[in-house]
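Reader: I should be grateful for a close look at one part of this complex, namely the membrane-annotated spans of the second chain. Please also place that part in its setting, including the partner chain.

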Amino acid sequence: MSELPLSATADAALQAAPATKARGYWATVGRRIMRDKVSTACALVLLLIFLSAILAPWLGLEDPYKGSMIRRLRHIGTTGYPLGTDELGRDMLARLVYGGRLSLVIGILPVILAFCFGTSLGIIAGYVGGKLNTAIMRTVDVFYAFPSVLLAIAISGALGAGILNSIVSLTVVFVPQITRVAESVTTGVRNMDFVEAARASGAGPFTIMRVHILGNVLGAIFVYATSLISVSMILAAGLSFLGLGTKPPEPEWGLMLNTLRTAIYVNPWVAALPGAMIFAVSICFNLLSDGLRSAMDIRN
Amino acid sequence: MLAYIARRIVYVVPIVISVALVCFLLVHITPGDPLVAVLPADASQELAAQLRAAYGFDRPLPVQFGLWLLRALHGDLGNSIATGRPVLAEVMRAVGNTVTLAIAAAIIGFTMGILLGLIAGYFRETWIDKVATSFAIAGVSVPHYWLGMLLVIIFSVQLNWLPAVGAGPSGSNSWAWDWAHLKYLVLPAITTSVIPMGIVTRTVRALTGDILSQDFVEALRAKGLRETGVFRHVIKNAAPTALAVMGLQLGYMLGGSILIETVFSWPGSGFLLNSAIFQRDLPLLQGTILILALFFVFLNLLVDIAQAAIDPRIKRG
């Protein structure tokens, strides 16, 4: 009976533990991001652009498809058309807001798709190793032999114009890049003791990859993927700018920039507006990705 | 060193063959018959079959690839469907203009990048650093085709200082290094230079910061070396990595010039690629991409060898 007080103390210590529990990793990262002024500002700008794109039909904007020959290329600040009108007399504000819908999807979806494929391929290559690793990583090397802009345009150009083709070609560009990062972080983790322990306790390779590896490598891959969104936005709009993505009369920033090119002698500043939107989204994602990177680097 | 170079070259061979395979397959992922661009719409079945045999499209794919590769090795990339001229000659003429643009952009972008990077790394966490880093982030985030349009709006439309499009005064059909031609180069070169400027700035800033925080710098200062002397050590230590990054950027400028060349109607390889895509000129598309990708592969090889040659820390064994 003499052990009783001891076990009681242990029990008490166990019960007290949750109260003094340290904040979780992601909570710490979140707090660090919130404290960073630049990241917060970028997050707010992006939130505004995303919300207005999603809520576009309920914002009481003009019809983005309805043009009029008598009010073409109005200047910024014209009554009724705060951002002017385009070469077919369509309201620029409405087209820029609606344009976000397509532009954001074709810019961000390739990175999300590449994140899924690339992470799976990279973890399998890194964990299984051997011949499979060689096969996957040598294939990745081939895609690295092309400058990414050239590869995107080559695939889009061969497949032909279209939103789906532009998403496919950008996904193909980003998969190898994410696979390389995923493979290298996985090789760093695979020989650690906790993986060895999981294997010793009888976990199968799939369980180990899903439960033990994924959680430990996902953060690093995620940060890398967020840094690709900015490039992806520029390239996706670039493909549309070349005429390889969206087709008229769909409002999309890259395509709008292209069709307004002819208007730079008449109304240059209206013609430049769609590019400013691409720039704003791209720079905000870049700064946010930098902020996330330093917030996740807990050692600092 | 020679053994290292030999091994690197051997390693490039499978890459070159795979790159050729990707370029070859590009034509076969195109929807529809690859003959569609050459075949008149009202062609008979027999004519189609004849042409298919003439182009070798009736053979199995691996045989087609083998034959295509063999011809490509002899410099025969077929004829352009649009002009009928040999693809290789068309591409090489255009590549010359792209090289001119890339070199001009490299001079601007690398000089700016190295200067901004060194200053930012040296004055880390001060307002000077913040200004330089903002430049760098803007450089890598700006849609360069839009920046090109802005520059045209400001310097051609509003101020009328520089021409908006083209690569020389009318009547001139080859490039020359005089002011009449150079003024056509200014805007495209500045536009092309912003991405490498941003990336070189970031790289050099990180390198400078890392090197300055190492112990040997402390030792150099302790023995009484002036800051200019310390700086020389920083540059020597940063050079190999910075050089590698710049080499890669030069490759990106050569291969990724299509958007800027389209904005400025600059008659380079990107402009050629653009017209090949929209005229469905598949041999020209294939040939341009193959040659640009090969340029990129060999530039990477050169960068690797140069880096190993100047950096004694890299293991060559």
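Author: Helices, as the word is used here, are DSSP runs of H or I that are at least four residues long, and strands are runs of E of at least two. With that understood, residues 181-200 of chain B are 100% helix and 0% strand. The C-alpha atoms at the two ends of this span lie 28 Å apart. The span is one of those that UniProt, in an unreviewed entry, labels "transmembrane region"; the record places that feature at residues 9-29, 101-123, 135-161, 181-200, 242-264 and 284-306 of chain B. Residues 242-264 of chain B, also in that list, are 91% helix and 0% strand, with end C-alpha atoms 30 Å apart.

The model is predicted, and its confidence should be read alongside the geometry. Chain B has a mean pLDDT of 85, with 94% of its residues at 70 or more. Within chain B, helix α4 (residues 87-122) has the highest confidence, at a mean of 92, whereas helix α2 (residues 45-55) has the lowest, at 75. For the complex, the predictor reports an ipTM of 0.86 and a pTM of 0.86.

Between the two annotated spans described above lies helix α8 (residues 215-222) of chain B. None of the 8 residues of α8 is buried, so this helix lies largely in the open. Just after α8(B), B:Gly224 adopts a positive phi of about 100 degrees.

The setting of chain B includes its partner. In all, 38 residues of chain B are in contact with 32 residues of chain A. On the chain A side, α5 (130-144), α6 (148-159), α9 (205-242) and α11 (268-296) each supply at least two residues. The greatest contribution comes from α11(A), with 9 residues. By type, the chain A residues on this side comprise 23 nonpolar, 7 polar and 2 charged.

Chain A itself has 11 helices and 0 strands. UniProt, again in an unreviewed entry, places the feature "domain: ABC transmembrane type-1" at residues 100-289 of chain A. That span is 84% helix and 0% strand, and its end C-alpha atoms are 20 Å apart. The C-alpha trace of chain A spans about 95 × 50 × 30 Å along its principal axes. Its radius of gyration is 25 Å, against a value near 19 Å for a compact globule of 300 residues. Of the 300 residues in chain A, 42% are buried. Among contacts in chain A between residues at least 6 apart in sequence, 70% join residues at least 24 apart.

Methods: Residues are numbered from 1 along each chain as its sequence is written. Chains are lettered from A and ligands numbered from 1 in the order in which they are written. This is a predicted model: local features need pLDDT of at least 70, side-chain atom pairs count only at pLDDT 80 or more; totals for chains, interfaces and linings use all residues. pLDDT is the predictor's confidence in each residue, from 0 to 100. UniProt positions are given in the numbering used here, feature names are shortened, and annotations may be inferred rather than shown by experiment. Two residues are in contact if their C-beta atoms, placed from the backbone, lie within 7 Å. Ala, Val, Leu, Ile, Met, Phe, Trp, Tyr, Cys and Pro count as nonpolar, Asp, Glu, Lys and Arg as charged, and the others, Gly among them, as polar. A residue is buried if 20 or more other C-beta atoms lie within 10 Å of its own, exposed if 12 or fewer, and partly exposed in between; C-beta atoms are placed from the backbone. The radius of gyration is taken over C-alpha atoms; the globule rule is 2.2 Å times the number of residues to the power 0.38.
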